[in-house]
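Please take a first look at the model shown here. The report below then walks through its metal sites, its salt bridges and its core.

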Amino acid sequence: MSQGTEEQLKEKVQSGYILESPDEMTEGYRKALIVQLTVQGDTELISAPAYWMAAQDAPSTNTQVSAVAIIQDELAHANIAYRLLEDLGVSQEKLLYGREPHEFKHPYGFDQPLENWAELVVANGFFDRAGITLLGDVFDNTSYGPLKRALVKVDLEENFHLRHGENWMKRLVRLGGGVREKLQRAVDWMFPMTVEWFGLPDDLKRHSGQLDYRLKGLTNDQLRQVWMSATVPLCEKHGLNVPAHRDEARQEYVLDYPFPCRYDAEAKRWLFDEGEIGWDEVFERWKARGPMNEVYVESVRRSHGSLRKMIAA
Ligand SMILES: [Fe+2]
Ligand SMILES: [Fe+2]
């Protein structure tokens, strides 16, 4: 196929056409796919040191082994996204070493310290669920064939991470007392963190290249609803408080706090009392990155050689 115009390609993919090779892409399509895959690869990559930090608090050797298995999966997932980027002419070495830590494109939620086992399992329950929500939509809708096929393996493993999180959340709730409190504390900061992760609400973001090029199918608000429709009932089932509920009349989940709002990263606390803020302020916080940004990026760079071996294993 000759490349044609951007508009022709948009029309073609909207009617179901699947691209199989970079030769078929227009410049606009290629750029939008590069952004999508970079976010995907960086998120997988940085989840590894974040989960590793929390795995230090594993309750036993066995449980630490299960956390390490998850970390190994995440590194392999990062490698899948970076390999697809190499096909588009983006060097993996440059991605890893040619950027400052703040230039990585993982969400702000993965710039936070995960300090205990409760935070790891809530990350599996919430963050991996967000990953499944986002990548599940990409799988269902993407117009790029090689990515669709690669996501089959990723999805299977992400579901394993999610089950790990959900099962452990159940166990920690049953233990009660201080353990349960730790879990609730993790839910308190990680629930709004994941809600924010899905980005600008649809009434502020009408246009998306990723939707036009059929690199995804659902809007930010739709994805947020999909995530909440699994996560709110999960927490309610275990008697964990979440600041959101289902509104039967509106047939959707609604937030019980000002959104978006300020976050005190030091205290790991959302400042609901200070009310709703503008998205400009959220973007500023994201751009400044969170407390663990440099530590996490440097740790994956330092261990790159051994990471390679882990990925190849
Ligand atoms: Fe992953
Ligand atoms: Fe995962």
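Is H161 buried or exposed? H161 is buried, because its relative accessible area is 0%. This value, like every other one here, comes from a predicted model.

## The two iron sites

H161 belongs to a metal site. The iron ion (ligand 2) takes its protein donors from E74 (OE), D128 (OD), E158 (OE) and H161 (ND1). These donors lie 1.9 to 2.2 Å from the ion. Along the chain, they follow the spacing E-x53-D-x29-E-x2-H. Two of these residues sit in separate helices: E74 lies in helix α3 (residues 61-87) and H161 in helix α6 (residues 145-175). They are 87 residues apart in sequence, so the pair ties together distinct parts of the chain.

Why is the arrangement around the iron ion (ligand 2) irregular? Its four donor atoms subtend angles of 87 to 152 degrees. Four donors count as tetrahedral if all angles lie between 85 and 135 degrees. The upper end of the range, 152 degrees, therefore rules that label out.

The iron ion (ligand 1) is coordinated by E44 (OE), E74 (OE), H77 (ND1) and E158 (OE). The distances run from 1.8 to 2.2 Å. This site is tetrahedral, with angles of 89 to 135 degrees among its four donor atoms. In sequence, its donor residues are spaced E-x29-E-x2-H-x80-E. Here too, distant parts of the chain are linked: H77 is in helix α3 and E158 in helix α6, 81 residues apart. Both H77 and E158 are buried.

Which residue bridges the iron ion (ligand 1) and the iron ion (ligand 2)? E74 does, and the two ions lie 3.5 Å apart. E74 counts as buried because its relative accessibility is 1%.

## Salt bridges

How many salt bridges does a search of the whole structure find? The search finds 18. Three of them are set out here.

| Salt bridge | N to O distance |
|---|---|
| R129 and E166 | 3.3 Å |
| R163 and E166 | 2.8 Å |
| E274 and R262 | 2.9 Å |

E166 appears in two of these rows, paired with R129 and with R163. The bridge from R129 to E166 links distant parts of the chain: R129 is in helix α5 (residues 117-141) and E166 in helix α6, 37 residues apart. R129 is buried, with a relative accessible area of 18%. E166 is buried as well, at 15%.

The bridge from R163 to E166 stays inside one helix. The two residues are three apart in helix α6, so about one helical turn separates them. R163 is partly exposed, with a relative accessible area of 39%.

The bridge between E274 and R262 joins two loops. E274 lies in the loop between β4 (269-270) and α10 (279-288), and R262 in the loop between β2 (252-255) and β3 (263-264). The residues are twelve apart in sequence, so the pair ties those parts together. E274 counts as partly exposed, at 46% relative accessibility. R262 is partly exposed too, with a relative accessible area of 30%. Elsewhere, E7, K10 and D212 are joined into one network by salt bridges that share partners.

## The core around Y29

Which residues have the most contacts inside the largest nonpolar core? They are Y29 and F126, in a core of 89 residues. Helix α2 (residues 27-55) supplies the largest share of this core, with twelve residues.

Not counting residues up to four places away in sequence, Y29 touches E6, L9, V13, L19, S143, Y144, Y213 and L215. One of these partners, S143, lies in the loop between α5 and α6. The side chains of S143 and Y29 are joined by a polar contact of 2.9 Å. S143 counts as buried because its relative accessibility is 2%. With the same sequence neighbours left out, S143 touches V13, Y17, I18, L19, Y29, Y213, R214 and L215.

## Near the start of the chain

T5 lies in the segment before α1 (6-14). T5 is partly exposed, with a relative accessible area of 41%. How far apart are the C-alpha atoms of T5 and A55? They are separated by 49 Å, and the two residues are 50 apart along the chain.

Terms used
Residues numbered from 1 in each chain as written. Chains lettered and ligands numbered in written order. Predicted model: local features only at pLDDT ≥ 70, side-chain atom pairs only at ≥ 80, totals over all residues. Heavy atoms only, no water. Core = buried A, V, L, I, M, F, W, Y, C linked by side-chain atoms within 4.5 Å. Buried < 20%, exposed > 50% of the residue type's maximum accessible area, 1.4 Å probe, protein only. Helix = DSSP H or I, 4+ residues; strand = E, 2+ residues; numbered from the N terminus. Contact = heavy atoms within 4.5 Å. Donors = N, O, S within 2.8 Å, 3.2 Å for Na, K, Ca; no water. Tetrahedral: all angles 85-135°; square planar, octahedral: opposite > 155°, others 65-115°. Salt bridge = Lys/Arg side-chain N within 4 Å of Asp/Glu carboxyl O. Polar contact = N/O pair within 3.5 Å; in protein donor to acceptor, adjacent residues only side chain to side chain.
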